[in-house]
Amino acid sequence: MAANRESGGMTPQMMRASGLNPMEWNGYDEGEVEEDVMEQKLAEIQEQSLGPLKEDLAEWLGKHLGMEVNADNFMDVLDNGVYLCQMAKIIQRKAHECVLDGSYTEPLPNYKLRCKSNAPSGSWFARDNTANFLSWCKAFGMADDQMFETEYLVSHTAEKSVVLCLLELARIGYKFGLEPPSLIKMEKEMERMEEEELPPPRPPPPKPNSLDDEVKRIAFMCKCHDHVKKLGEGKYLIFGKVVQIRFLKNRHLMVRVGGGWDTLEHYLIHHNPVQVFEHRRPNTANGSHDSTSKYLCFKSKYKSE
């Protein structure tokens, strides 16, 4: 269990003087802040970190399928499995083209993907479509831990698993020459540079909001700038680990994490050994909150003695 400590009634003025910029929570009872409430806040931050990935995938799906989807309606548009099946069929056609022109010489799975195109959301037909799509993914080499449970999509219960599966679907498409999302383009370029031992691209002249400026800004915002060191263009040492960071569409800073991606902000919060949150005690007279009722709560990844 993580250790929770109050700051002794530290006011906002004292917080600013200490260089802290905590996230606000309102309306909690005086005394120890419950662990599940803090976990809920961290879960919200993780959900926000999926936004750039959904934006990139939505643009990719819309381009190849000629449909409208965005980060906000992502699960609503996809939850009957129809568009996922259509995307799989596009990739399968590209795969057959690669076999015919000789650019791909391995045998392809003989899988006929069935899909009910008018399946209502939440229906058993939607579940069948999704299950058929996942069977196709497995036939084309996707590992079990890269896929999601049917109910995750149909009932919108595990968005992250769906997003990561679709990124892997894009990697399968890329193998057969299908234009990938921007994130996959970046990771393939990084892999090519590592294989060929190429130096990183020459950085452009310094300008406002450059990659390094944004890394520094977010590191200061998360109060962990002492743990972020630049090693080279796009390469940083963060909490003792070397990572690659790239701009996604000049809007989001993305960290290469294992076989996937994370936003820099979520990566820093997730790996920071101590997290600081601001809380407010309600005024017992009228239920309101004033500036003197604020205090800090420290959540550590290490147990207190």
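**Close-up views of a predicted model**

**View 1. Cys224 is a buried cysteine.** At 1% relative accessibility, Cys224 falls under the 20% cut-off, so this residue counts as buried. Keep in mind for this and every other view that the model is predicted.

**View 2. Cys115 and Cys85 come up in the disulfide search.** Searching the whole structure turns up zero disulfides. Cys115 is in none, and its nearest cysteine sulfur, the one in Cys85, sits 3.8 Å away. Why is that pair not a disulfide? The sulfur atoms would have to be within 2.5 Å, and 3.8 Å is beyond that, so the pair doesn't qualify. As for cover, Cys115 has 27% relative accessibility and therefore counts as partly exposed.

**View 3. The whole chain, for orientation.** The chain runs to 305 residues, and 45% of them are buried. Its secondary structure comes to eleven helices and nine strands. Take the contacts with a separation of 6 or more: 61% of them join residues 24 or more positions apart. The accessible surface adds up to about 16,800 Å², with 49% of it belonging to carbon and sulfur atoms. On the confidence side, pLDDT averages 79 over the chain, and 71% of the residues score at least 70. Residues 1-33 are a stretch to treat separately: pLDDT stays under 50 there, and the model gives them 84 contacts beyond four places in sequence.

**View 4. Helix H6 and what covers it.** H6 takes in residues 124-139. How far apart should the ends of its 16 residues be? At 1.5 Å a residue the expected span is 22 Å, and the end C-alpha atoms are 22 Å apart, so the two agree. The buried residues here are Ala126, Arg127, Asn129, Thr130, Phe133, Leu134, Trp136 and Cys137. An α-helix has 3.6 residues a turn, so residues three or four places apart point the same way. Try that spacing on the buried set, which includes Ala126, Asn129 and Phe133. The cover over the buried residues of H6 includes helix H5 (82-101), helix H7 (150-154) and helix H8 (159-175). Just past the end of H6 comes Gly141, with a positive phi of about 100°.

**View 5. Tyr104 in the loop between H5 and H6.** Tyr104 is found in this loop. Is it buried or exposed? Its relative accessible area is 15%, under the 20% cut-off, so Tyr104 counts as buried. Once neighbours within four places in sequence are set aside, Tyr104 is in contact with Cys98, Val99, Lys175 and Phe176. Of those partners, Lys175 is 71 residues away along the chain, yet the two C-alpha atoms are separated by 9.0 Å.

**View 6. His156, a positive phi between H7 and H8.** His156 is found in the loop that joins these helices. Its phi is near 55°, a positive value in a residue other than glycine. With 33% relative accessibility, His156 counts as partly exposed.

**View 7. Helix H9 and its packing partners.** H9 spans residues 182-196. The same arithmetic works for this helix: 15 residues at 1.5 Å each should span 21 Å, and the end C-alpha atoms are 21 Å apart, which agrees. Leu183, Ile184, Met186, Glu187, Met190 and Met193 are its buried residues. What do they pack against? The partners are helix H3 (51-65), H8, E5, E6 and strand E7 (260-263), so both helices and strands take part.

**View 8. The E4–E5 hairpin.** Strand E4 (residues 235-238) pairs with strand E5 (residues 241-248) in the antiparallel sense, over four bridges. Inside the pairing, Tyr236 stands opposite Val243 in E5. Two residues lie between the strands, and Phe239 takes a positive phi near 50° in this hairpin. That residue is not a glycine. Phe239 has 24% relative accessibility, so it counts as partly exposed.

**View 9. The E5–E6 hairpin.** E5 also pairs with strand E6 (residues 252-257), again antiparallel and over four bridges. Here Leu248 stands opposite His252 in E6. This hairpin has three residues between its strands, and Lys249 in the turn has a positive phi of about 55°.

Terms used. Residues are numbered from 1 along each chain as its sequence is written. This is a predicted model: local features need pLDDT of at least 70, side-chain atom pairs count only at pLDDT 80 or more; totals for chains, interfaces and linings use all residues. Side-chain values use heavy atoms; hydrogens and water are left out. The expected span of a helix is 1.5 Å times one less than its number of residues. Buried means under 20% relative accessible area, exposed over 50%, partly exposed in between (1.4 Å probe, protein chains only). Contact means heavy atoms within 4.5 Å. Accessible areas come from the Shrake-Rupley method with a 1.4 Å probe; for residues, only the protein chains shown count as cover. Two strands pair if DSSP finds at least two bridges between them. pLDDT is the predictor's confidence in each residue, from 0 to 100.
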